[in-house]
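Trainee: Could you take one part of this model and go through it closely with me? I'd like to see how that part sits in the rest of the chain.

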Amino acid sequence: AQQLARQSNCLKCHAVDRKKEGPAYKDVAAKYKGKPDARERITFHVTSGEKVKFEDGHEEEHAIVKTKDKDKIDNLVDWILSL
């Protein structure tokens with residue numbers, strides 16, 4: 001999971017335990033804890049290129065993970081939710 005995150009440049013905007021341009025992965029895990037659709041929502045987020053809004057108000061398309069392998073994507077999402 002961490003290798004895919006590095007290869008996909010996720011760690012440019014996210015860190016495990018601190019906010020960068022994007023939220024810390026621990027904060028993402030806390031936001032979705034106990035929500036039945038957590039895996040689906042995060043999977044959509046990392047695979048769809050949906051627009052994300054930054055604190056300064058600008059919007060960009062979220063980067064898409066650099067794999068189509070469902071097992072690798074599931075592993076990444078599970079890792080984020082485990083934090």
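Mentor: Let's take helix 5 and work outwards from there. Bear in mind that this is a predicted model, with local features needing pLDDT of at least 70, side-chain atom pairs counting only at pLDDT 80 or more, and totals for chains, interfaces and linings using all residues. Residues are numbered from 1 along each chain as its sequence is written, and side-chain values use heavy atoms, with hydrogens and water left out.

First, the setting. The chain has 5 helices and 2 strands, in the order α-α-α-α-β-β-α along the sequence. (Helices, H or I with at least four residues, and strands, E with at least two, are DSSP runs numbered from the N terminus.) Its radius of gyration is 12 Å, close to the 12 Å from the globule rule for 83 residues, so the chain is as compact as a globular protein of that length. (That radius is taken over C-alpha atoms, and the rule is 2.2 Å times the number of residues to the power 0.38.)

Now helix 5 itself, which runs 70–82. At 1.5 Å a residue, its 13 residues should span 18 Å, and the end C-alpha atoms are indeed 18 Å apart. (The expected span is 1.5 Å times one less than the number of residues.) At the N-terminal end Asp69 acts as a cap, with a side-chain oxygen 2.9 Å from the backbone nitrogen of Asp71. (A polar contact is a pair of N or O atoms within 3.5 Å; within protein, one must be able to donate a hydrogen and the other to accept it, and residues adjacent in sequence count only if both atoms are side-chain atoms.)

Which residues of helix 5 are buried? They are Ile73, Asp74, Leu76, Val77, Trp79 and Ile80. (Buried means under 20% relative accessible area, exposed over 50%, partly exposed in between, with a 1.4 Å probe and protein chains only.) What covers them includes helix 1, helix 3 and helix 4.

That brings us to the largest nonpolar core, which has 15 residues, with Ile42, Val46, Leu76, Trp79 and Ile80 making the most contacts inside it. Helix 1, helix 3, helix 4 and helix 5 each supply at least two of its residues, and the largest share, 5 residues, comes from helix 5. (Such a core is a set of buried Ala, Val, Leu, Ile, Met, Phe, Trp, Tyr and Cys residues joined through side-chain atoms within 4.5 Å.) Leaving out residues up to four places away in sequence, Leu76 touches Ala1, Leu4, Ala5 and Val65. (Contact means heavy atoms within 4.5 Å.)

Trp79 deserves a look too. The count of aromatic pairs comes to 1: the rings of Tyr25 and Trp79 have centres 5.6 Å apart and planes at 70°, so the pair is edge-to-face. Tyr25 lies in helix 3 and Trp79 in helix 5, so the pair ties together parts 54 residues apart in sequence. Both Tyr25 and Trp79 are buried. (Rings of Phe, Tyr and Trp, its six-membered ring, pair if their centres lie within 6.5 Å; planes under 30 degrees apart are stacked, over 60 edge-to-face, the rest tilted.)

Helix 3 also holds Ala30, which is exposed at 54% relative accessible area. Ala30 and Leu83 are 53 residues apart in sequence, yet their C-alpha atoms are 8.2 Å apart.
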